[in-house]
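Welcome, and thanks for taking a look at this one with us. Please have the sequence and the 3D view open side by side as you read.

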Amino acid sequence: MLPRNLPYSRISVIGLGYIGLPTAAVLASSGVEVVGVDVNESAIAAINAGLIHIQEPGLEVVVRQVAGAGLLRAVAVPEAADAFIIAVPTPFSDKPEGQAPEPDLSFIRAAVESITPVLKAGDLIILESTSPVGTTEQMREWLQAAREDLTFPGQGNGRSADVHIAYCPERVLPGRVLEELVTNDRIIGGLSDACCTAAMSLYSLFVRGECIVTDARTAELTKLTENAYRDVNIAFANEMALICDRLGINAWELIRLANRHPRVNILNPGPGVGGHCIAVDPWFIVSSAPEQARLIAQARAVNDSRPAYVVRQVAQAAQEIEKPVIACLGLAFKPDIDDLRESPAMQVVTLLAGTQCGKLLAVEPNIRQLPVELTALGVEIATLDTAIAHADIVVILVDHKEFLQIDATLLSSRTVIDTRGLMPRLHSNTDTLLDTTAIPGLVRDGI
Ligand code: SAJ
């Protein structure tokens with residue numbers, strides 16, 4: 001039986017990807033009817049059968065329950081609803097060298113245009129997609145142009161406008177989406193106070209964190225700031241790793257010691273920053289304020305230079321060995337996920353294949369098949385045991401949980417290039433120390 005007094009009887013979620021589908025499922029499990037909309041026919045079919053087309057722990061169980069109970073349906077064309085949540089991608093379009101990439105709002109625009117025919121007075125529209133400052137206001141202009149019969153907020157009619165509009169960014173971490181959707185605080189940026197109130201009542205259906213109200217522009221920049229902050233901090237760690245390499249100091253040890261200070265918390269260096277958020281969102285700030293966002297742009301450059309740096313280290317090690325076999329451990333953009341998109345590990349393996357410095361074996365416990373682009377380059381997929389057994393050089397690109405179980409003694413006769421600081425964690429398993437004298441600096445071995 002449906003709970004009584006729900007503020008919205010039907011909510012539509014436009015875009016059923018990594019954010020939209022979990023949001024739709026969690027909303028539906030609060031008892032409200034949810035209609036999900038997507039352009040991907042196979043995703044629609046899967047969801048209606050209670051299955052999922054993306055990987056996220058625990059999601060399939062929830063989707064199966066709510067689809068089975070008739071609370072979640074997926075369709076291709078939007079239907080009338082009381083509230084619409086837009087969760088579509090905002091990629092950036094590449095620009096010539098030296099210019100900041102520009103955000104591409106075409107998916108948001110298409111989503112807005114798809115709901116205009118079914119929009120009615122009293123509806124609420126929420127944008128969750130990461131967006132440059134001003135997008136929510138731009139959305140209002142598109143809506144107003146398409147529906148002159150309705151009034152929209154922000155034109156001196158905030159309280160009385162027919163339709164409410166708010167920007168409420170998603171902030172969940174892939175791998176912990178179901179938990180973070182409920183427990184994270186939410187920023188609610190309305191185009192008017194009434195919009196904030198309307199959006200608040202929607203999120204109160206499932207959010208147990210605090211909902212904090214602001215205006216739409218501040219909410220848009222808050223989301224971008226969070227990811228730019230993380231990018232800049234990772235860039236600092238990556239820059240310290242470079243400095244350590246230069247000075248012959250172990251970066252992991254350095255960071256561990258510096259972090260013993262009560263007000264220092266340096267992040268981890270790595271082979272680069274992957275995923276669809278942290279490596280992208282800072283550009284939305286840079287493109288809005290290029291003169292001011294100098295540190296943010298520089299951090300992007302530092303992080304983007306990491307894969308090529310790792311490749312140079314491997315190529316140098318390979319020169320010392322005749323016909324080397326190189327085992328690349330991990331392809332995903334971070335640990336314990338199967339997502340290879342925008343992955344620095346993929347970039348390293350692809351660039352390495354281009355150097356033809358040795359035979360490449362890739363180990364990725366979270367996928368069944370190697371991506372065709374790597375197969376085409378002659379890279380072979382291997383199990384962890386086989387790869388280590390045959391390798392002259394082992395390149396650790398992702399700290400997947402499977403790799404934490406590696407017997408460190410098996411690596412003692414190999415050159416190890418550890419981009420994730422995994423080696424010290426192995427040593428604590430085995431109490432075995434490897435000979436690192438041939439391997440200066442951070443990236444060659446993290447001991
Ligand atoms: N990374 C490092 N060193 C670190 C931490 C991360 O090199 O110390 C790398 C990872 O290996 C990965 C990349 O950064 O390649 C990004 O991973 P992540 O775990 O930092 O972040 P995402 O992209 O999975 O999720 C981020 C989160 N944002 C923040 O933590 C500020 C998440 O909360 C957002 O919802 C998400 O972006 C998003 O959708 O915007």
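The report below goes through the ligand site and then the sheets.

## About the model

This is a predicted model, in which local features need pLDDT of at least 70 and side-chain atom pairs count only at pLDDT 80 or more, while totals for chains, interfaces and linings use all residues. Residues are numbered from 1 along each chain as its sequence is written, and side-chain values use heavy atoms, with hydrogens and water left out.

## Around the ligand

The ligand is surrounded by 21 residues, of which Glu170, Val172, Lys223, Arg230 and Phe333 come nearest; a residue is near if one of its heavy atoms lies within 4 Å of the molecule. Sorted by class, this shell holds nine nonpolar, four polar and eight charged residues. Here Ala, Val, Leu, Ile, Met, Phe, Trp, Tyr, Cys and Pro count as nonpolar, Asp, Glu, Lys and Arg as charged, and the others, Gly among them, as polar. Helix α8 (residues 216-247) gives the most to the shell, with five residues; helices are DSSP runs of H or I with at least four residues, and strands are runs of E with at least two, numbered from the N terminus. Domain 1 (10-219) and domain 2 (227-444) each supply at least three residues, with bounds from an automatic or database domain assignment.

Now for the polar contacts (pairs of N or O atoms within 3.5 Å). A polar side-chain atom of Lys223 is 2.5 Å from a ligand oxygen atom, and a side-chain N or O atom of Asn227 is 2.7 Å from an oxygen atom of the ligand. At Asn268, a polar backbone atom lies 2.8 Å from a ligand nitrogen atom. The protein covers 89% of the 770 Å² of accessible area that the ligand has on its own, by the Shrake-Rupley method with a 1.4 Å probe.

## The two sheets

One open sheet has eight strands in the order β3-β2-β1-β4-β7-β8-β9-β10, with mixed pairing; two strands pair if DSSP finds at least two bridges between them. Both β3 (72-75) and β10 (211-215) are edge strands with a single partner, so one side of each has no neighbour in the sheet. Strand β2 (residues 33-37) pairs with β3 in the parallel sense over four bridges, and Val34 has Leu72 in β3 as its bridge partner.

Another open sheet, of five strands, runs β13-β12-β11-β14-β15 with parallel pairing. Its edges are β13 (380-381) and β15 (415-418).

Notes:
A polar contact is a pair of N or O atoms within 3.5 Å; within protein, one must be able to donate a hydrogen and the other to accept it, and residues adjacent in sequence count only if both atoms are side-chain atoms.
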